[in-house]
Amino acid sequence: MTRYHVSDGIYFERDDFGGIRVLRVAGADPFDKQAPCDVLLDVTPQVWASIVASMSFAGESGESWRAALAMHTGMEPAP
């Protein structure tokens, strides 16, 4: 799993299946996978692609969602 620190103990974590979790991690070493944490949000790759597309300059459309999903998963989704 990969973690990205946003700020103040808030992290984005990608799981082995492409899902994204938003965590609040406590402890001296927040990259320790055993550190206590609260899951604030757990989203599927499809929802993550929708978030990314919606927050982009162009906004979400079918095309921007498919591009975001392809970038996130490395696979082109079926139309």
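Here are a few exercises with worked solutions on this structure, which is a predicted model.

**Exercise 1. Work out which residues belong to the salt-bridge network, and how the pairs are placed along the chain.**

Step 1. Start with the overall tally: searching the whole structure turns up four salt bridges.

Step 2. Take Arg 3 and Glu 13, which form a salt bridge with their closest N and O atoms 2.7 Å apart. This pair links distant parts of the chain, with Arg 3 in strand 1 (residues 2-7) and Glu 13 in strand 2 (residues 10-14), 10 residues apart.

Step 3. Move on to Asp 15, whose side chain meets that of Arg 21 in a salt bridge at 4.0 Å, N to O. The cut-off here is a nitrogen within 4 Å of a carboxyl oxygen.

Step 4. Arg 21 has another partner to note: Asp 42 forms a salt bridge with Arg 21, and the closest N and O atoms are 3.5 Å apart. Here too distant parts of the chain are linked, since Asp 42 sits in strand 4 (residues 37-43) and Arg 21 in strand 3 (residues 20-25), 21 residues apart.

Step 5. Put it together: salt bridges with shared partners join Arg 3, Glu 13, Asp 15, Arg 21 and Asp 42 into one network. As a general reminder, side chains of opposite charge can pair when their charged atoms come close.

**Exercise 2. Sort the five network residues into buried, partly exposed or exposed.**

Step 1. Recall the cut-offs: buried is under 20% relative accessible area, exposed is over 50%, and partly exposed lies in between.

Step 2. Arg 3 comes out at 11% relative accessibility, so Arg 3 is buried. Its partner Glu 13 has 5%, so Glu 13 is buried.

Step 3. Asp 15 is buried because its relative accessible area is 15%.

Step 4. Arg 21, at 23%, counts as partly exposed. Asp 42 has 49%, so Asp 42 is partly exposed.

**Exercise 3. Describe the surroundings of Ser 64: is this residue buried or exposed, and what does it contact?**

Step 1. Locate Ser 64 in helix 2 (residues 62-73).

Step 2. Check the accessibility: Ser 64 has 18%, so Ser 64 counts as buried.

Step 3. Look for polar partners. A polar atom of the Ser 64 side chain lies 2.8 Å from the backbone nitrogen of Ser 61.

Step 4. Set aside neighbours within four places in sequence, and Ser 64 is in contact with Ala 53 and Gly 59.

**Exercise 4. Do the same for Tyr 4: find its strand, its accessibility and its contacts.**

Step 1. Tyr 4 is part of strand 1.

Step 2. With 55% relative accessibility, Tyr 4 counts as exposed.

Step 3. Not counting residues up to four places away in sequence, Tyr 4 touches Ile 10, Tyr 11 and Phe 12.

Step 4. For a distance check, pick Val 22, 18 residues from Tyr 4 along the chain: their C-alpha atoms are separated by 9.6 Å.

**Exercise 5. Find which residues form the nonpolar surface patch, then place Met 55.**

Step 1. The patch on the surface is formed by Val 47, Ile 51 and Met 55, which together have about 290 Å² of accessible area.

Step 2. Met 55 is found in helix 1 (residues 45-55). At 69% relative accessibility, Met 55 counts as exposed.

Definitions and conventions
Residues are numbered from 1 along each chain as its sequence is written. This is a predicted model: local features need pLDDT of at least 70, side-chain atom pairs count only at pLDDT 80 or more; totals for chains, interfaces and linings use all residues. Side-chain values use heavy atoms; hydrogens and water are left out. Helices (H or I, at least four residues) and strands (E, at least two) are DSSP runs, numbered from the N terminus. Buried means under 20% relative accessible area, exposed over 50%, partly exposed in between (1.4 Å probe, protein chains only). A polar contact is a pair of N or O atoms within 3.5 Å; within protein, one must be able to donate a hydrogen and the other to accept it, and residues adjacent in sequence count only if both atoms are side-chain atoms. Contact means heavy atoms within 4.5 Å. Patches are made of residues with over 30% relative accessible area and no salt bridge: like charges are joined within 9 Å, nonpolar side chains (Val, Leu, Ile, Met, Phe, Trp, Tyr) within 5 Å. Accessible areas come from the Shrake-Rupley method with a 1.4 Å probe; for residues, only the protein chains shown count as cover.
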